[in-house]
Amino acid sequence: MRIGIIGAGQLGQMLGFAARNLNAECRYLDPSENPPAAVCGKVIQSGFDDAVALVALADTCDVITYEFENVPVSALQHIDGIVPVYPPAAALRHSQDRLAEKTLFDTLKIPLPGYHTVDTRKDLDDAAENLGLPMVIKTRRMGYDGKGQFVVRKPAELEAAWLALGGESLIAEQWVEFDYEVSCIGVRNVSGDIAIYPLSQNVHVDGILRHSRSPVEAPELGAKASDYMHRLLDHLDYVGVLALELFVIGDELRANEFAPRVHNSGHWTIEGSETSQFENHLRAILDMPLGSTASKGHAGMVNLIGEISDATRALGIGAFHDYGKAPRPGRKLGHITVVADTAGARDALVKIIDKTVT
Ligand code: AMP
């Protein structure tokens, strides 16, 4: 079996390592020279919208998937029909536009923060009036890791938000005073079987994921998230891994966004689960039985961002993953996962690692 992956970053790399367990081979398409996944398989170096290269990939693979959500939907449409493309384009389309994503949550009765579309300066004033302050203004498209966002706390800041982001299609969201953030990682295979991992609790710094811990000791939240995940997966006739990010307020959840792909908050599953999210994504798109999503213990994952310090390299704690990328501020270069017998022991290890991270 040969799997074509659009994008050859670290997610493609970890999919490539998982493919070896399944005796499958990965081939990639990516515009960059020597991307992380090049260690796992051949890379066709080309733009994501290069129709000729996309067809060349599809012609030599049994199934196509993608590792990030800013792949143009038109790219998938070029090759759909040559070979199956998973996750389905409809899921990608919804995840690329925050308005479409929120409309989908509404349709599926998945609770979410109040929102208001903003196309004009007047819309921004109306949003402040309807939602109240603080609110967060986000670009509808191409936002990730907190980019393209502006928090408006006072009416006087509306103008600055407009100057920073106006001119693009925007969405205003109620500011949520959440207790903490979680993500739910679910997977559905071609036959429609579903498996869901225990929730991860996620901490972001400057909009970028800093660490994740799982499981979350809150069964009622897990049950709610699992219900929302089933609704999304079945409605989209989804195939592959999907990550749903949620805010926790008491025993309530509010959906923030979803990603139609393997997710950073699920990296701990490589060492912390019976089957990793990467292997289960491949099992899903190859229509194999899904592997168990049971945890092996209390897992913690710390992202290594910007640069990997000598102190971090010298730690010798947990499983160290270096994606082989050049250092750059804000760039995810690697991560460390620990698995412990108790939540307390896991948290202590996460704290030690976190202290060495710049
Ligand atoms: P996003 O790109 O939408 O995932 O936002 C990045 C991070 O910003 C989230 O993980 C939250 O920590 C924070 N954030 C985004 N939207 C809101 C909101 N409506 N209320 C409070 N915090 C938010």
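## Polar contacts to the ligand

In this predicted model, Gln149 places a polar side-chain atom 2.8 Å from an oxygen atom of the ligand. Asn256 also faces a ligand oxygen atom: an N or O atom of the Asn256 side chain is 3.0 Å from it. Glu173 pairs with nitrogen instead. An N or O atom in the Glu173 side chain is 2.9 Å from a nitrogen atom of the ligand.

Cover is given as a share of area. On its own, the ligand has 480 Å² of accessible area, and the protein covers 93% of it.

## The shell

Three strands give two or more residues each to the shell around the ligand: β6 (135–139), β8 (170–174) and β14 (252–259). In total, 15 residues surround the ligand. The closest are Lys138, Gln149, Val176, Glu181 and Glu257. Gln149 is thus in the closest group and also has the 2.8 Å approach to a ligand oxygen atom.

The shell splits evenly by class. It has 5 nonpolar, 5 polar and 5 charged residues.

## Domains

The protein chain is divided into domain 1 (2–85), domain 2 (114–174) and domain 3 (180–357). Where does the ligand lie with respect to domain 2 and domain 3? Both domains give residues to the shell, so the ligand lies between them.

Domain 1 can be placed relative to domain 2. The C-alpha centres of domain 1 and domain 2 are 35 Å apart.

Definitions and conventions
Residues are numbered from 1 along each chain as its sequence is written. This is a predicted model: local features need pLDDT of at least 70, side-chain atom pairs count only at pLDDT 80 or more; totals for chains, interfaces and linings use all residues. Side-chain values use heavy atoms; hydrogens and water are left out. A residue is near a molecule or strand if one of its heavy atoms lies within 4 Å of it. A polar contact is a pair of N or O atoms within 3.5 Å; within protein, one must be able to donate a hydrogen and the other to accept it, and residues adjacent in sequence count only if both atoms are side-chain atoms. Accessible areas come from the Shrake-Rupley method with a 1.4 Å probe; for residues, only the protein chains shown count as cover. Helices (H or I, at least four residues) and strands (E, at least two) are DSSP runs, numbered from the N terminus. Ala, Val, Leu, Ile, Met, Phe, Trp, Tyr, Cys and Pro count as nonpolar, Asp, Glu, Lys and Arg as charged, and the others, Gly among them, as polar. Domain bounds come from an automatic or database domain assignment.
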